[in-house]
Each structure stands twice: as C-alpha cells, then as structure tokens.
Amino acid sequence: MAPQDTETDTDTRETHESDAYGDPRLECDLVMKGGVTSGVIYPGVACTLARVYRFRSVGGSSAGAIAAAATAAAELGRASGGFEKLDALAGRLTARGTGGRSLLFRLFRPVPEQRRLFGVLTAGLGRTGAARWVATAAAVGRGYALRLLLAAVLPLGLVVAGVLAGGVLGLVLVPVAALLLLVGLAAVGVGSGVLADVRRIERFGLVSGMPGPRGGEALTPWLHERLQDLAGRGPGDPVLTFGDLRAAGVRLRVMTTDLTRGYPVTMPWPNREHWCDPDEMAQLFPADVVQHLVRVGGGAREDGLVAWPEPDDLPVVVATRMSLSFPGLIQAVPLHAVDHARAGGADGAAPRPVWFSDGGICANLPVHLFDSPLPRRPTFAINLEAFGDVRRQDAEDEGQNSYLPLDAGAGRYRPRRHLDPAGVGGLLGFLGAIVGTARTWVDNQQLTMPGYRNRVVTIFHSDSEGGLNLDMPAEVVEALGARGRGAGRKLVDAFAGPEPGSVDGPAWTAHRWTRLRISVAGLADWWGAFARSFRDADVGRPDYPGLLAAHADEVDLPYRLSATDRALLAQRLGRFVAEEQQWDDGLAGRHAPRPAPELRLVTDMDTTAEPLPPTGIAEPPQEPGG
C-alpha cells in the first residue's frame, strides 16, 4: 500500500520560508541518519526547522553526525549567522576545481599509497552504463600501466613471430592465442597490483581525512574549519568542544562503533579508560586539535600516550570524525585501553589498540538518543531511503519526495525487500540482505513503533543521489537540498502549526497522547511481570522478599545493602507490588497503540568501562562483592 503524504498549506509554507533565524519560541531535538554524501540533504532540513525551533539536542551517525555537529555549531553561532552559513554549505560542496571534480569529491583525498586504487574505485562515479565501465577501464590503464605493458610483452612477441612465420597458423591462430594470453596476463598483473595495494591499506581505509604531503583541501581540516565558522569562531580561536555547546544549552551526541568490544558507543562517553597517541592523532586531525588533546589530557606519560579528555573537553570534530569512518573508505580511529580480560598476563596492564569505526555499523539512525518516557519537546528524526516500488520520484515537486506518517495507523509497515532466489545476483542480494538486516534491524523496529514513527520524516533518494556518489552535479545537490527543505516544512506545519508558539500543532498533541498511551501500556506489562515474580514463593529459597529480610546477612551476596536500607527497600517494594494489583484490570492496554511496546533492561554501553585511576596505572576491575 502506497503511503499518503500530509497536506502542506502553501501560505504557511511561505511564511516559514520568510522567517528569520531570530529567537524562536519553540524547542526541539533532532536525530539524523547516516548515508555518506546523502548528508547534503540535512542543511535544508535543519535550517527550515531553525526558523521555528531552537535546537536543544542534536545527534546522528556517520554523515548524520556531521550534520548534527554542524547544526549544533550553527545553534551556538545563531546570532552570528550560523544558520545562514549552514544553509549555503551544500551549494559550496559542488564548486568545481581545476580537474573538474567537485569540492565534495576533492575532500575525500586518498593517502599517497592508495591513490591509484582510489582512482579505480571512484572513476565510474557520476556515470552510468557503458560510460562507467569505460571510465573504470581507463583508470585501470592509468594506474597499472606498467603491469599492463609487461603483460603485453610476451603476447606481442608471439604475434611478431606468427606474422614472420606466415600461413594460417602464424596469421590467425597465433594472434588469437596471443590475445587470450594477453587477457590472462593482464588480469594477473592488474589483480596482483590491486592485491598489493589492498595489503598496504592502513587503519582499514583509503582516506585518512588529512591532506597528505601534496597538501590541498581534505575532509577533516575542512570540517574543523566549517564547525569553527558556524559556531562564530575564527582562526586562532579555541577548538569547539562539547562543553562549549553544553554551556549554551545545546546537547550534541554522535554514534561510533567500538569494533574491539563489538558494540555501538555514544560520544562523548563519561568514562576515562582510554588513551590516545598524539603521533597517531596528528595523522588524522589538524595540529590545533591535537595540541588541545595533549593539553587537556595532562601531557604524555612515559609511553607517549595521553589521557582521553573529559566529555566537556572533547573537541566536536574528533567525535564527528570517529563517527564518520565509513569502512574501507575512511580510516578507523585508534585509541588505547587496557584489556582487563588479559590483565593477569605479563603485559596485561599495558594499553592495547582500540579501533573505532563508522557509527552507522550498529546504529545508523539512533532514534533513541534523546527519548524520555513522556516527551517535553519534539524529537524529530530524519530517515533516508531509496525510491522503490512504494514511492516514485516526483521530478516537479521535491516536497513530494518525502513522507511523514501522521495518521494513527500510517507508517506501521516497513517496505519488504524483494529477494531473487536464482543465480549469482540472487546470492549476492541474499548476502546483502543479511548484512543490511544485521546493521539496521534495531532502527527498523523502532521506525514502526507508535510514538516513534509519527515524528520520523523519510526522505527518498535515487541510486545517483547521495550514498557513495562523491561527485554529484550541482543540480542534483540543489534538488536534494530542496527535498530536505520540503521535509522540514512537513515537520514544522504538522508539529508547530500555523502559529508556532501560540497553539500546538495537531501532530504534537497527538504525539504526546500516543507516547502517554504506549508508555503506560509498556509500564503496566513490565510492572505486572515484576509483581508476579516478586510475589511468587516458588522461585528458590529464600524468595524475593526473603532476600530483603534480615537473615539475608547470612548469605554471601554481591552488591550489598545495609540492613536499614534493605528494610526501607522492602517497604517500598511492598507498596509498589500492592499498587500493581489495582492496575491489573486491562485498562492500561485497552485500545493501546500497536505494535505493543516492550520494556526491557539493557546495558548502558557508555558506562561499562572502568574509569582511569588517578595514578594513570590501569588496574583490573574488582569482582562484584569484592
């Protein structure tokens, strides 16, 4: 079933477009999805919202982290033209250089050892059909010319010998055999060259983000300069930190992935277990950023490592770059930490490398970042999806190329992926579906949840828009920007209404009611399960009330409480369980939103690590009760 768009009032739309970025009366949070170059959509969304809302919390993954950092910096620099600068940012990315490539493409500068492999992999960007293959073949010829010439020596010799010999054998069969030999030797030569280049890849990526020995524009310095400029800072000013944003009432959170532990992490994290190597950081970040890390880390210790900053002292550009480490393309960022599982060994206390890669690996759309059971302000989320059978691109009106489900039942169903069970293409599609499901199943589940899906606007794009298309034409980037502004207007019209700050928009009222209903329903189910187990006497000896009784002192238990505290907790839990019986009448779940919610306990990944001891010498954690 094709989704239905919300209607957008033309007069209201024009009013919002003409508003200045002055002093909005409303506040909102914003979360943005990863998508590499698809991030050019986000300035239009953020600037449209900024005319009506002041951003209090902003977050994202990968390219969404760049957009989140830029939006937070623009909010900090709102009075000095931050959002005007942000609105012009996407257009600047299409500026062409002397080689005809856009600024966006030039920012992804490969390390010197990977220039030819990067050239081959990117030669077909912006081209389709035969033109893509011709461009790729030409890049192979340029990059691996010597190997191709060597591969041609023997076949050329065979052709010369055949011509000199004459006859059918020499003039027909020998050249054919020579051609086949040439193809085989060329494949071996190019293949061995590619393999040699792959073996030289460092930090798991082709692009460090820094200029390299040839200089020129590069991703991380450019991003650092833009963030400083958006925040109203110039050359020589202090590096923008999370603390600067927090002091201005703006909370920024970005996702990265700790590949050594195997889970996503929200930055900045509160623990101090990590160290960084200034020499490694200098290969990934500008000099003033590295100097800041060394200064706030208290200087280097004997092995050259520097303590990782406190959350408020962490530069925004560092966290953003750690979130934007697209596997294989942009190098991962190494930190160092003690592996407590190995702490008993001879070198157990020595910090070991910890690798952080793209935040989109595990949480590409972290809708959960700023949620509370009952929201006090809207937390908008921007989802990106490809056009497909459900949605056809509207070339005339970019506002129709996004979708905001506002009706109670709208957006409940996710599009189903079509899998072809036959052939090599079918197998590759199957493997791709496995990887995609492993990466996005949490995001996709949340996108169907009532109270979540109705404030997530989905912006659609084609295969030639966003993604890894590093060299998009100006008209494509302009269209994506218009698409983003159209999506932002849908959110404003639905949630802020025709009189922002005076009368709530109908979507905001409906959203708060839905969140109230679904939170109460989830709480009632969880509360009931807790109360039933607490009252059950057949759960072992002693039962749960018995664990809180005085004789529990006789049992060796972890996480002890004093007798006074246990008595107080027992009293409170008794009232808690007794009160649940009055709820056990089905009222909370009556006509509740579907699908039903499920409350569960999950680990806070940001607080699992052991803090760094004041001595700077890492120690293994104590066992519970120790």
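**Close-up views of a predicted model**

**View 1. Helix H2 (residues 42–50) packs against helix H16 (residues 474–496) at an angle of about 35°, their axes 7 Å apart.** As in every view here, the coordinates come from a predicted model. The crossing in which H2 passes H16 is right-handed. On the H2 side, the contact is made by Gly44, Val45, Thr48 and Leu49. H16 contributes Gly481, Gly484, Arg485, Gly488, Arg489, Leu491 and Val492.

**View 2. Helix H10 (residues 219–230) and helix H14 (residues 316–323) pack with their axes 10 Å apart, at an angle of about 135°.** H10 is therefore oblique to H14, as angles from 115 to 145 degrees fall outside the roughly perpendicular and roughly antiparallel ranges. H10 passes H14 in a right-handed crossing. The residues of H10 that take part are Thr220, Leu223, His224 and Leu227. They meet Val316, Val317, Thr320 and Arg321 in H14.

**View 3. Helix H15 (residues 423–446) contains a kink of about 65°, centred on Thr440.** The helix has 24 residues. From its first C-alpha to its last, H15 reaches 33 Å, close to the 34 Å expected at 1.5 Å a residue. Thr440, at the centre of the kink, is buried. Gly426, Ala433, Gly436, Asp443 and Gln446 of H15 are buried as well.

**View 4. Leu259 lies in the loop between strand S4 (251–258) and strand S5.** Its relative accessible area is 45%, so Leu259 counts as partly exposed, a class that runs between 20% and 50%. Apart from neighbours within four places in sequence, Leu259 is in contact with Trp355, Ser357 and Ile361. Between Leu259 and Trp441 there are 18 Å in space, C-alpha to C-alpha, and the two are 182 residues apart in sequence.

**View 5. Met267 and Pro268 are joined by a cis peptide bond.** Omega of this bond is about 0°. Pro268 belongs to the loop between strand S5 (263–267) and strand S6 (275–276).

**View 6. The segment after helix H19 (563–583) holds Pro595, and His591 lies in the segment after H19 too.** The peptide bond from Arg594 to Pro595 is cis, and its omega is near 0°. His591 has a positive phi, near 55°, in a residue other than glycine. With a relative accessibility of 75%, His591 counts as exposed, because the cut-off for that class is over 50%.

**View 7. Arg203 sits in the loop between helix H9 (167–199) and strand S3 (205–207).** Although Arg203 is not a glycine, its phi is positive, at about 55°. The relative accessibility of Arg203 is 14%, so this residue counts as buried, the cut-off being under 20%. His591, shown in View 6, also has a positive phi, but His591 counts as exposed.

Key:
Residues numbered from 1 in each chain as written. Predicted model: local features only at pLDDT ≥ 70, side-chain atom pairs only at ≥ 80, totals over all residues. Heavy atoms only, no water. Helix = DSSP H or I, 4+ residues; strand = E, 2+ residues; numbered from the N terminus. Expected span 1.5 Å × (residues − 1). Bend = angle between axes of the 7 residues up to and from the residue. Buried < 20%, exposed > 50% of the residue type's maximum accessible area, 1.4 Å probe, protein only. Axes fitted to C-alpha atoms, helices over the stretch in contact; angles between N-to-C directions. Parallel < 35°, antiparallel > 145°, perpendicular 65-115°, else oblique. Left-handed = near helix turned anticlockwise from the far one by under 90°. Contact = heavy atoms within 4.5 Å.
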